[in-house]
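Student: Got a minute to go through this fold with me? I'd like to start from one residue pair and work outwards.

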Amino acid sequence: MPDSTVQPPSFDAAFSARLRELIFWRRDVRRFRRDPVAAELIDELIGLAVLAPSVGHSQPWRFVLVEDPARRSAVRDSFRRCNREALEDYHGERAGLYARLKLSGLEDAPVQLAIFCDEATEAGHGLGRKTMPETLRYSVVTAVHTLWLAARARGLGVGWVSILEPDQIARGLEVPGDWALIAYLCIGYPEEEHADPELERGGWEDRRDLSGCVLRR
Ligand SMILES: Cc1cc2nc3c(=O)[nH]c(=O)nc-3n(C[C@H](O)[C@H](O)[C@H](O)COP(=O)(O)O)c2cc1C
């Protein structure tokens, strides 16, 4: 933990430029090398993720490292089922595009991390979530993104898999009933680097510019 009595660091222009590069090059990764990732590095990333903001300082994130081959296999089965069903919703050219996309790195990623929201936590004493209870889950997403960037800064890639049955995953991992699945992450060293998202390269969706995203009232 940093000493809060020391002077804060100054983030200079060079750091800011590097941070921009980190954000620009983050990427969702689906193609992983099978090389192992040091356990200490994963611990470090989780240690950074929990510095993320959370509503009422509730810190509702819960991390499950999925290591057991049988449990991993059950996650892959869930992905295959959901992916097959998703494909059935598309038709014609869109179905062809979908079928060609690689939408998970579950086969190769050496580290798999399920991140849950503990919806029963009393930490934070309800502050900030009376009218927006969903902010508890949003808090977990902030931790996911913190981990994502921290991993990228250490040369690791992260892929978020949501084409899953959340209740099945929670049951398979035997977590408490009040934990809701927020993210299932594949983590490892990437096989390739790209400046543009896979879904852009695959012709699925282009990056939108800011027009229409920012309003003034
Ligand atoms: C909540 C969330 C769920 C996602 N689920 C999946 C998924 O199931 N499979 C997948 O291939 N990518 C998934 N992604 C990654 C997005 O497809 C990706 O972020 C987007 O295409 C932009 O690419 P980039 O992250 O490389 O910039 C998910 C991303 C988010 C934020």
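Student: Start me off with V158. What stands opposite V158 in β4?
Tutor: I187 does. Keep in mind that this is a predicted model.

Student: And what packs on the sheet there?
Tutor: Helix α5, residues 135-153. It touches β1, β2 (111-118), β3 and β4. The direction of α5 makes about 5° with that of β4.

Student: Back to the strands. How many bridges pair β3 and β4, and in which sense?
Tutor: Five bridges, antiparallel. Strand β4 covers residues 179-188. Another facing pair is G157 and, in β4, G188.

Student: Is β3 mostly covered or uncovered?
Tutor: Mostly covered. Four of its five residues are buried.

Student: Zoom out. What's the strand order in the sheet?
Tutor: β1-β2-β4-β3. It is an open sheet of four strands with antiparallel pairing.

Student: Which strands stand at the edges?
Tutor: β1 (61-65) and β3 (157-161). Each has a single partner strand, so one side of each is left without a neighbour in the sheet.

Student: What does the twist average?
Tutor: 30° from one strand to the next.

Student: OK, the other pairings. How many bridges join β1 to β2?
Tutor: Five, and the two strands run antiparallel. V64 stands opposite A114 in β2 there.

Student: And β2 with β4?
Tutor: Eight bridges, again in the antiparallel sense. A114 turns up here too: it stands opposite Y184 in β4.

Student: Why is β2 described as largely enclosed?
Tutor: Seven of its eight residues are buried, so the rest of the structure largely encloses it.

Student: Now the core. How many residues are in the largest nonpolar core?
Tutor: There are 37. I115, A151, Y184, L185 and I187 touch the most other members. As background, nonpolar side chains in soluble globular proteins tend to be buried together.

Student: Which elements give two or more residues to this core?
Tutor: α2 (39-49), α3 (69-88), β2, α5, β3 and β4. The largest share comes from β4, with eight residues.

Student: Take L185. What is it in contact with, leaving aside neighbours within four places in sequence?
Tutor: L113, I115, V158, G159 and W160. V158 is familiar: it's the residue opposite I187.

Student: W160 rings a bell. Which residues are around the ligand?
Tutor: W160 is one of them. The others are R27, D28, R30, L103, S104, V161, S162, I163, P197 and L199.

Student: How does that shell divide into nonpolar, polar and charged?
Tutor: Six nonpolar, two polar and three charged.

Student: Loops next. Where does P110 lie?
Tutor: In the loop between α4 (92-100) and β2.

Student: Why does P110 count as partly exposed?
Tutor: It has 18 C-beta neighbours inside 10 Å. A residue is buried at 20 or more and exposed at 12 or fewer, so P110 falls in between.

Student: What does P110 touch, not counting residues up to four places away in sequence?
Tutor: F32, R34, D35, P36, V37 and G188. G188 is the residue that G157 stands opposite. There's also a spacing to note for E67: its C-alpha atom is separated from that of P110 by 8.9 Å, and the two are 43 residues apart along the chain.

Student: Backbone check. What is phi of H57?
Tutor: Near 60°, a positive value in a residue other than glycine. H57 has its place in the loop between α2 and β1. H57 counts as exposed because it has 12 C-beta neighbours inside 10 Å.

Student: And phi of H125?
Tutor: Positive too, near 50°. H125 lies in the loop between β2 and α5. With 10 C-beta neighbours inside 10 Å, H125 counts as exposed.

Student: Last one, R84. Buried or exposed?
Tutor: Exposed, with 10 C-beta neighbours inside 10 Å. R84 sits in helix α3.

Student: How far apart are R84 and A99 in space?
Tutor: 9.0 Å, C-alpha to C-alpha. In sequence they are 15 residues apart.

Methods: Residues are numbered from 1 along each chain as its sequence is written. This is a predicted model: local features need pLDDT of at least 70, side-chain atom pairs count only at pLDDT 80 or more; totals for chains, interfaces and linings use all residues. Two strands pair if DSSP finds at least two bridges between them. Axes are lines fitted to C-alpha atoms, for helices over the stretch in contact, and angles run from 0 to 180 degrees between N-to-C directions. Two residues are in contact if their C-beta atoms, placed from the backbone, lie within 7 Å. A residue is near a molecule or strand if its C-beta atom, placed from the backbone, lies within 6 Å of it. Ala, Val, Leu, Ile, Met, Phe, Trp, Tyr, Cys and Pro count as nonpolar, Asp, Glu, Lys and Arg as charged, and the others, Gly among them, as polar. A nonpolar core is a set of buried Ala, Val, Leu, Ile, Met, Phe, Trp, Tyr and Cys residues joined through C-beta atoms within 7 Å.
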